[in-house]
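Trainee: I would like a close look at a single part of this model, taken slowly and with its surroundings included. Could you walk me through the pocket and the elements around it?

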Amino acid sequence: MRVGYALDGDDSCIADARRHAAAFLDRAGAEQHLPVSARARDLTALVVSELVTNTRKYAPGPVLLELRITARVVEVAVWDSDPTMPAARSADPNRIGQHGLEIVKAVAEDFTVQREAAGKRITARIPLADGPGRGF
């Protein structure tokens, strides 16, 4: 199951993206009978929020959000028009903010950044089920 959304570049797109993700997971549970844990729902909302916020903050133009679900993971992919590749900053307990990429990398099972013909695509995969070692 896969869906895509073109989000406006204004501040409301962050909340819209979270709503789309929640509705997508609800639909996956209802239509595909996939067990989506509360943890997976929360982490998906967090990852969507962080990735769309970063795109809104650093890249001009539209944001494309793609959600894909399998029996094992939910995949969140965000495309933007800026070709600059993101990089997590080194740990700094005194830094306020700018921890989004670090957070996403910490909670995702897999994290990739791909340069596209125009811009880049950032993808994070979140396990649907709780399991050993996933005690967030």
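Mentor: What follows goes from the pocket to the helix beside it, then to the sheet, and ends with two loop residues.

Please keep in mind throughout that this is a predicted model. The largest pocket has a volume of about 530 Å³, and its lining is made up of 24 residues, among which Asn-54, Tyr-58, Pro-86, Ala-87 and Leu-101 lie nearest the centre. Two or more residues of that lining come from each of H2, helix H3 (100-107) and strand S5 (120-127), and the element that gives the most is H2, with 8 residues. Sorted by class, the lining of the largest pocket holds 9 nonpolar, 8 polar and 7 charged residues.

Asn-54 is a useful residue from which to begin. Asn-54 belongs to helix H2, which covers residues 38-58, and with a relative accessible area of 25% it counts as partly exposed, because that class covers what falls between the 20% limit for buried and the 50% limit for exposed. If residues up to four places away in sequence are not counted, Asn-54 touches Ala-59, Gly-100 and Leu-101, and of these Leu-101 is also one of the residues nearest the centre of the largest pocket. As for distances along the fold, Asn-54 and Glu-75 are 21 residues apart along the chain, and their C-alpha atoms are separated by 18 Å.

The next residue, Thr-55, is likewise in helix H2, but Thr-55 is buried, with a relative accessible area of 3%. Again not counting residues up to four places away in sequence, the residues that Thr-55 touches are Val-63, Val-78, Trp-79 and Asp-80. These contacts can be read together with the placement of the helix, since H2 lies across S1, strand S2 (63-69), S3 and S5, and runs at about 10 degrees to S3.

That brings us to the sheet itself. It is an open sheet of 5 strands in the order S1-S2-S3-S5-S4, with antiparallel pairing. Its edge strands are strand S1 (2-7) and strand S4 (110-115), each of which pairs on one side only, and from one strand to the next the twist averages 15 degrees. As background, strands of a sheet pair through backbone hydrogen bonds, either parallel or antiparallel.

Within this sheet, S5 deserves attention for its pairing on either side. With strand S3 (residues 73-80), S5 pairs in the antiparallel sense over 8 bridges, and in that pairing Val-76 stands opposite Ala-124 in S5. With S4, which also runs antiparallel to S5, the connection is made by 6 bridges; here Arg-115 stands opposite Lys-120 in S5, while Gln-114 has Arg-121 of S5 as its bridge partner. S4 and S5 form a hairpin with 4 residues between them, and in its turn Gly-119 has a positive phi of about 85 degrees. Of the 8 residues of S5, 6 are buried, so this strand is largely enclosed by the rest of the structure.

Two loop residues complete the picture. His-33 is found in the loop between helix H1 (12-32) and H2, and it is exposed, with a relative accessible area of 65%. The phi of His-33 is positive, at about 55 degrees, although this residue is not a glycine. For context, most residues other than glycine have a negative phi.

Arg-95, in turn, sits in the loop between S3 and H3, and its relative accessible area of 15% makes it buried, because the limit for that class is under 20%. Leaving aside neighbours within four places in sequence, Arg-95 is in contact with Arg-89, Ser-90 and Glu-102. The C-alpha atoms of Arg-95 and Ala-15 are separated by 25 Å, the two residues being 80 residues apart along the chain.

Conventions. Residues are numbered from 1 along each chain as its sequence is written. This is a predicted model: local features need pLDDT of at least 70, side-chain atom pairs count only at pLDDT 80 or more; totals for chains, interfaces and linings use all residues. Side-chain values use heavy atoms; hydrogens and water are left out. Buried means under 20% relative accessible area, exposed over 50%, partly exposed in between (1.4 Å probe, protein chains only). Contact means heavy atoms within 4.5 Å. On a 1 Å grid over the protein atoms alone, a cavity is a set of points where a 1.4 Å probe fits but cannot get out, and a pocket is an open set with protein on both sides within 12 Å along at least five of seven lines; lining residues have an atom within 4 Å of a point. Grid points are joined across faces, edges and corners, and a volume is the space filled by probe spheres set on the points. Ala, Val, Leu, Ile, Met, Phe, Trp, Tyr, Cys and Pro count as nonpolar, Asp, Glu, Lys and Arg as charged, and the others, Gly among them, as polar. Two strands pair if DSSP finds at least two bridges between them. Axes are lines fitted to C-alpha atoms, for helices over the stretch in contact, and angles run from 0 to 180 degrees between N-to-C directions.
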